[in-house]
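Please open the model in your viewer and keep the selection panel at hand. The stops below say what to select next and what is there.

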There are 4 protein chains.
Amino acid sequence: MAASPRVGFIGLGIMGSRMAAVLRRGGFELTVWNRTAERAREFAAAHGAAVAERPADVAAADVVITMVVDAEQVRRVLLGDDGVLAGARPGLLCVDMSTIGPAGAREIGAALAERQVHFVDAPVSGSSPRAEDGTLTIMAGGDEADFARARPLFEAMGELVVHVGAVGDGQTVKLINNAVAAVNCATVGEALLVARAAGVDLDALVRVMGASSGASAMLALKAEPMRRHDYATLFKLEHMLKDVRLCLEAGEAAGAPFTFAAQAREILSAGMGRGLGDADFAALIEVLEGQAGRRL
Amino acid sequence: MAASPRVGFIGLGIMGSRMAAVLRRGGFELTVWNRTAERAREFAAAHGAAVAERPADVAAADVVITMVVDAEQVRRVLLGDDGVLAGARPGLLCVDMSTIGPAGAREIGAALAERQVHFVDAPVSGSSPRAEDGTLTIMAGGDEADFARARPLFEAMGELVVHVGAVGDGQTVKLINNAVAAVNCATVGEALLVARAAGVDLDALVRVMGASSGASAMLALKAEPMRRHDYATLFKLEHMLKDVRLCLEAGEAAGAPFTFAAQAREILSAGMGRGLGDADFAALIEVLEGQAGRRL
Amino acid sequence: MAASPRVGFIGLGIMGSRMAAVLRRGGFELTVWNRTAERAREFAAAHGAAVAERPADVAAADVVITMVVDAEQVRRVLLGDDGVLAGARPGLLCVDMSTIGPAGAREIGAALAERQVHFVDAPVSGSSPRAEDGTLTIMAGGDEADFARARPLFEAMGELVVHVGAVGDGQTVKLINNAVAAVNCATVGEALLVARAAGVDLDALVRVMGASSGASAMLALKAEPMRRHDYATLFKLEHMLKDVRLCLEAGEAAGAPFTFAAQAREILSAGMGRGLGDADFAALIEVLEGQAGRRL
Amino acid sequence: MAASPRVGFIGLGIMGSRMAAVLRRGGFELTVWNRTAERAREFAAAHGAAVAERPADVAAADVVITMVVDAEQVRRVLLGDDGVLAGARPGLLCVDMSTIGPAGAREIGAALAERQVHFVDAPVSGSSPRAEDGTLTIMAGGDEADFARARPLFEAMGELVVHVGAVGDGQTVKLINNAVAAVNCATVGEALLVARAAGVDLDALVRVMGASSGASAMLALKAEPMRRHDYATLFKLEHMLKDVRLCLEAGEAAGAPFTFAAQAREILSAGMGRGLGDADFAALIEVLEGQAGRRL
């Protein structure tokens with residue numbers, strides 16, 4: 001491609017604002033839109049970008065990226081009255097990087113395809129520091145040609161970029177990864193509580209496990225926050241719950257059980273009941289402590 | 001210590017023979033005993049070591065290491081009629097590196113202490129390749145001075161050596177680690193089956209998860225063997241089941257629940273029912289496939 | 001009420017046709033509608049009833065009962081283009097006896113209320129033989145006055161009629177009951193498999209448990225069908241799965257965990273994956289047998 | 001049998017004292033022994049019975065019944081230094097009605113058989129009121145002829161008496177029943193908490209479920225105590241935990257999973273951690289409340 005594609009970016013939340021900033025640093029020309037217009041103006045002032053009035057107004061770009069909360073919001077900004085599709089010409093490529101589940105992604109992809117707008121679902125793994133560094137993991141589902149068009153953007157934002165299959169498959173991979181993470185995190189939490197009850201030194205336990213068969217990304221990332229009851233948000237418990245639920249729905253649709261994830265979901269539900277939805281999902285330790293009747 | 005301690009080594013199975021060989025390469029003088037005497041003679045011929053007729057005959061060493069299957073065997077070789085204690089003088093240090101549970105370790109330590117024989121429980125993490133390379137993780141419970149005496153041996157055999165607390169605490173740490181590993185492995189197994197049912201490319205899934213929040217030692221070590229149904233034994237399913245059961249017993253004794261490990265135990269039990277006790281515990285995928293009604 | 005209310009009845013499936021017949025025997029005047037018109041004509045011929053062309057045409061009745069499959073169908077027949085609401089006058093009472101979840105019931109109730117149409121949600125417990133005998137259990141949610149209007153109909157169809165709260169609460173009670181039933185059934189299934197593996201006489205076990213603390217409606221109703229692998233449909237596995245899923249969604253919405261039901265759901269999902277959706281939910285024993293690697 | 005057998009009765013706790021009193025009312029001549037001699041004397045004064053000084057002294061009876069806490073105690077009173085076996089002649093029949101697990105029963109039966117003493121394991125179901133009324137459920141394992149000898153005693157104490165198989169099988173049936181009861185009880189507890197969180201009337205829920213597919217002995221017996229947090233002991237949580245653990249061990253020995261019971265065990269373990277071991281097992285609701293972060 002001779003010139004960099006012009007990029008429309010919708011959704012400047014914790015993740016989206018960092019991903020858009022990385023694209024800007026990578027030299028891409030941006031037009032941005034955000035539900036709260038103030039944030040879009042701040043972003044534009046800080047990083048240099050055009051601000052669109054309506055989602056439809058970013059459709060003049062070559063590629064439009066959406067990074068919002070759920071399928072409902074993606075539908076609104078892409079397919080709604082003032083949505084991208086309302087301003088789109090055939091050949092536009094929409095890339096949704098939110099986590100919305102495979103059913104939602106396929107339905108949106110089909111709606112766009114009716115108007116010759118292409119679609120790739122490309123959810124990401126990695127919290128805000130990795131969004132900021134452009135070192136996310138990006139798992140993309142869609143046609144080979146569409147993936148190739150989006151690839152330069154993905155490589156700016158991510159360290160590992162994998163084309164995992166057709167539209168919707170990026171979502172499935174993401175959901176499965178997050179469900180596994182939720183299980184591994186809850187398992188570390190229960191393990192710490194057993195160790196505490198048995199009188200074992202937790203520093204030693206974490207150090208040993210980190211070099212043993214019990215090692216996991218969740219042990220490395222969440223054991224300390226759980227021990228300190230520090231839930232500064234990297235990934236909200238509410239969003240983790242949504243992802244585990246969507247994973248179980250995908251499993252149900254495919255007729256495949258995921259019993260460990262089902263347990264994790266109930267723990268996260270109980271976290272919601274405690275009002276911890278906005279806390280980092282490490283806050284699930286509160287539920288496990290409540291069950292055990294013991295603090296870490 | 002002016003001279004290297006003379007070491008007695010009891011138990012030359014898959015792990016023990018490799019650990020003893022590493023000690024020999026490290027310059028330690030060895031006297032060995034094994035239930036099947038033939039293996040002791042083969043070891044002696046290959047690596048250079050004295051062969052004892054009875055466990056009691058290794059008690060002339062400064063430190064006696066035991067690496068056998070369960071608490072019953074440790075009791076027999078240390079406390080039985082011909083056991084180490086029968087030949088021991090006050091001040092001998094016994095180091096059990098088997099996985100036998102904290103209750104067993106404490107009971108054996110107490111029996112030895114009555115006769116002024118010291119005891120450290122020091123189970124290991126890592127399969128036979130790491131035993132062979134001297135890169136095990138070693139988690140030791142016992143008095144500070146006893147740990148210091150055993151340390152040179154531990155450092156020959158292990159890459160990470162951690163003093164985790166009093167006698168029995170090494171066992172607790174080991175059991176908790178293995179229970180977490182069993183959960184993480186079974187979770188990877190279920191995740192692969194959901195992905196297969198949903199039509200997702202498994203190579204892509206494993207690659208993405210390995211760089212994401214779902215990463216774990218078990219994903220790295222067991223996803224491929226599970227996919228290939230290759231159960232060449234690194235760690236027997238039967239032994240993993242024993243460890244998870246001991247972990248749950250330790251949890252029960254401390255009044256602490258470990259719900260995820262409890263699920264993993266039932267899966268391993270069903271593996272025993274299928275005659276997979278001698279296979280590597282990756283064979284638990286057979287149980288998950290049976291539940292899902294679908295092969296990977 | 002001087003005269004019996006005229007009743008509109010929508011949905012003449014396995015349950016609905018029997019419930020409508022009971023009302024007819026009880027002297028109520030019926031107008032019926034069914035998606036497959038042929039079944040409505042057959043019912044009318046057999047039991048005596050007027051046949052409506054469209055759902056809107058039953059709205060002349062005093063009370064309209066719906067007994068269909070899910071919220072989507074209730075919405076269509078009540079709120080759709082040709083739906084009951086299109087023909088309704090203020091004061092009409094709609095009673096939905098399907099199992100559609102509390103969220104669906106509240107939403108439909110609210111839509112009807114905007115047009116002064118009253119609503120009671122009144123799901124039932126009991127399979128087709130009890131529908132035929134008029135001995136269902138009926139749990140109704142709605143205003144006291146609306147419940148009183150519907151009561152004569154409920155008492156014709158049911159043996160136990162309970163007003164459980166506001167609109168939607170009937171659904172919640174129903175879902176919780178069914179989720180408990182699913183757990184109890186799966187627990188009986190696992191218990192039978194443990195007994196078989198341990199070599200215990202299953203007749204003796206079932207007889208003893210039936211008189212002991214392990215007794216349950218599910219033991220009485222499903223132990224024999226599971227033992228015989230006889231899945232003649234009383235309540236489809238697919239519908240049980242739907243109910244357990246809706247119960248977990250209601251739990252999640254309320255921030256309350258239901259870990260046992262979560263396990264049951266995964267077993268039912270695996271039953272769907274085996275193509276058992278149309279079988280009675282006793283077919284979940286197939287999943288448990290697959291997990292155990294052993295037939296009953 | 002011309003005359004009633006003379007009966008030795010060992011263990012006059014909450015259950016044993018009531019069972020012995022029922023035998024006495026049934027006209028059986030009793031010799032009793034209890035660890036705390038005072039209770040034996042009180043029983044003798046109240047009901048009329050000879051008091052033995054040592055377990056060995058009851059061995060002159062035709063049948064000796066033991067009703068104690070665990071396998072360890074059965075071993076002591078039957079096989080210990082002053083135990084029944086020390087005073088027994090060939091042909092004596094020992095009937096153990098404690099819950100000790102199949103492995104313990106088989107081992108004890110084998111030890112007695114070496115000295116031509118017969119053995120039947122006959123655990124009971126039913127709490128103290130049913131022991132008092134002689135309406136227990138009795139599940140007996142042993143030879144047909146031994147069962148026939150014990151039958152008159154069983155029929156005095158029980159309403160339902162079932163010969164379930166060989167020595168040890170009575171235990172297996174008992175453990176499976178109790179494990180099912182533990183699951184059903186915990187499931188009722190979670191169901192009540194979901195209902196409370198969803199704002200449903202609990203009286204209505206319990207009433208409806210009692211007449212529906214969610215009905216169970218545990219719903220009838222434990223819903224109200226759990227709602228009132230009334231844990232007056234009918235069956236101690238500690239003993240229920242022991243039974244569920246023994247059931248899981250029997251399942252593991254047979255290679256059969258029991259995933260629901262495994263979850264129940266962890267809840268009971270957490271109850272022990274809260275110091276509720278002596279409370280009725282309905283106290284498991286405290287653990288579920290801790291998990292849910294909400295009181296009933």
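Which residues in helix 12 of chain D meet which residues in helix 13 of chain D? Select I267(D), L268(D), A270(D) and G271(D) in helix 12, and then add L284(D), V287(D) and L288(D) in helix 13, which are the residues they meet; contact here means heavy atoms within 4.5 Å. Before going further, note that this is a predicted model, in which local features need pLDDT of at least 70 and side-chain atom pairs count only at pLDDT 80 or more, while totals for chains, interfaces and linings use all residues. Residues are numbered from 1 along each chain as its sequence is written, chains are lettered from A and ligands numbered from 1 in the order in which they are written, and side-chain values use heavy atoms, with hydrogens and water left out.

**The two helices**

Now show helix 12 (residues 259-273) and helix 13 (residues 284-292) of chain D as ribbons, and look at how they pack at an angle of about 95° with their axes 8 Å apart. That angle makes helix 12 of chain D roughly perpendicular to helix 13 of chain D, a term that covers angles of 65 to 115 degrees. Helices here are DSSP runs (H or I, at least four residues), numbered from the N terminus, and the axes are lines fitted to C-alpha atoms over the stretch in contact, with angles running from 0 to 180 degrees between N-to-C directions. The residues of this contact divide into 6 nonpolar, 1 polar and no charged, where Ala, Val, Leu, Ile, Met, Phe, Trp, Tyr, Cys and Pro count as nonpolar, Asp, Glu, Lys and Arg as charged, and the others, Gly among them, as polar.

**Chain B with chain D**

Next select chain B together with chain D, where the contact takes 17 residues from each of the two chains. The two chains bury about 1,500 Å² between them, 48% of it on carbon and sulfur atoms; buried area is the accessible area (1.4 Å probe) that two parts lose on being put together, summed over both. Highlight E252(B), R265(B) and E266(B), which supply 39% of the area that chain B buries against chain D. Across this interface there are 4 salt bridges, each a side-chain nitrogen of Lys or Arg within 4 Å of a carboxyl oxygen of Asp or Glu. To see one of these contacts, select R265(D) and E252(B), whose closest N and O atoms are 2.6 Å apart.

A rotation of 180° with 0.0 Å of shift along its axis superposes chain B on chain D, with an RMSD of 0.0 Å, and that is the relation of a two-fold axis. Copies are superposed by least squares on the C-alpha atoms of residues with pLDDT of at least 70 in both. To find the axis, centre the view on A262(B), whose C-alpha comes closest to it among the residues of chain B, at 2.8 Å.

**Chain B with chain A**

Then select chain A with chain B, where 56 residues of chain B are in contact with 56 residues of chain A, and the area buried between them is about 4,900 Å². On the chain B side, V194(B), S213(B) and F260(B) lose the most area to chain A. The count of salt bridges between these two chains is 0.

Note on methods. Parallel < 35°, antiparallel > 145°, perpendicular 65-115°, else oblique.
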